[in-house]
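Got the viewer open? Grab your selection tool and let's walk through this one stop by stop.

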Amino acid sequence: MDLLIGNRRYTGSKKALLNDIYESITPFYKSKAVFADLFAGTGAVSAFMLAKGFSVIINDNLRSNYVAYQAWFGKGNFNFKKLKKIVSQFNSLDGEKLERNYFSDTYGGKYFSMTDAKKIGYLRDQIEKIKLTMREKNILLTSLMYTTDKIANTVGHFEHFLSKNPIDKGVVLRLPKIEKFTENIEIYNTDANKLIREITCDVAYIDPPYNARQYINFYHVLENLITWERPTDFEGTSMKFKRDHLKSDYSKSKAPIVFKDLIDNLKAKLIVVSYNNTYSAKSSASNNKITETQLLDILSKKGKVVVKEIKHKSFNSGKTNFKNHKEILYICRTNI
Ligand SMILES: C[S@@+](CC[C@H](N)C(=O)[O-])C[C@H]1O[C@@H](n2cnc3c(N)ncnc32)[C@H](O)[C@@H]1O
């Protein structure tokens, strides 16, 4: 079966809220407008808006997400028959017979069985060696990334691996189901606060991290797999590479300052902010970095704000009471 954009576990993914987000926009825009997804994560929100006829600007500061956007939405050519043949050859390989490599030496016996890790590392090297167009390369990388995530010995992200020994799950790639979009699509891999100084849009969708949990800590293994810079210096048993440059200000105490800077400099007619009400979480890492008062204060200087609450089941590490957990959309019609 073909791979779909939503076939990925991603903390804070808005897969379950696509209609709610769309409905918050439709009183103002139905299609043809420019929708900027500035903290796009999986890209599922952008894919939904593209299908509704919006043009899209899509961005995330993680390279692994950017490569996936290039696969799903990029402009370059690809030969599907050729990719099918490669994937079928890849899938028929026996990981046990392969030699140890960077990926298995780093993550084998931890996040993956040795056999699975050897195969992931081997396939990553092969993708570098085979003659491919840039789009074909991004499609194969995305396919490998989704499979790697799916078979990992984790609770759904790479903050830690599970204490039980990883079992062989098999590395089986699926090719993405790629839609043809006629709408305009711009793809970026940068800090949202930098990007908004360069673009204008009709609708800006803002879905930043809302607590101290850094996305690069959740997805460091996938980021390493995609960039393939193969660092050898790691922190702690969870094998996180040095990644200060990828840490988000939205997960630090300066979050209200960068959020204010973002909103103040944004050139958009409608701003939709996703945020969530984990204000009273028991674990300090789960507490919101920006309070609702700060958020409303910053947004209301830009225009008229309407608050829409949606009940939503979310990720938590067990320490937080999410009984009354709500996902909130702050919809601001700006004075621009
Ligand atoms: C809550 S998630 C977005 C989820 C997304 N809406 C979805 O449905 O998959 C927040 C995203 O913001 C990204 N991010 C964090 N800080 C950023 C920044 N300063 N600029 C751009 N992206 C950032 C993270 O890598 C993460 O993917």
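Start with the two domain centres: taken over C-alpha atoms, they sit 27 Å apart. This is a predicted model, by the way. To colour the pieces, select 1-66 + 181-212 + 254-336 for domain 1 and 79-177 + 216-251 for domain 2, as the domain assignment has them.

Next, pick out the contact between them: domain 1 puts in 20 residues and domain 2 puts in 22. On the domain 1 side, show helix 3 (63-73) and helix 10 (255-265), the elements that each give two or more residues to that surface. Colour that side by class and you get nine nonpolar, five polar and six charged residues.

Now the ligand. Which residues are closest to the ligand? Select Gly12, Phe39, Gly41, Thr42 and Ser248; they are the closest of the 23 that surround the ligand. By class, this shell splits into 11 nonpolar, eight polar and four charged residues.

Last stop: helix 4, residues 80-92. Put a distance between its end C-alpha atoms and you should read 18 Å, which agrees with the 18 Å expected for 13 residues at 1.5 Å a residue. Show the side chains of Leu83, Ile86 and Phe90, which are buried. Look down the axis of helix 4: the buried residues fall within an arc of 65 degrees, so they line one face of the helix. What do they pack against? Bring up helix 6 (114-129) and helix 7 (134-150), the partners of those buried residues. Then spin round to the other side of helix 4, where Lys81, Lys84, Lys85, Ser88, Gln89 and Ser92 are exposed.

Notes:
Residues numbered from 1 in each chain as written. Predicted model: local features only at pLDDT ≥ 70, side-chain atom pairs only at ≥ 80, totals over all residues. Domains from an automatic or database assignment. Contact = placed C-beta atoms within 7 Å. Helix = DSSP H or I, 4+ residues; strand = E, 2+ residues; numbered from the N terminus. Nonpolar A, V, L, I, M, F, W, Y, C, P; charged D, E, K, R; others polar. Near = placed C-beta within 6 Å. Expected span 1.5 Å × (residues − 1). Buried ≥ 20, exposed ≤ 12 C-beta atoms within 10 Å, placed from the backbone. Arc of directions from axis to C-beta.
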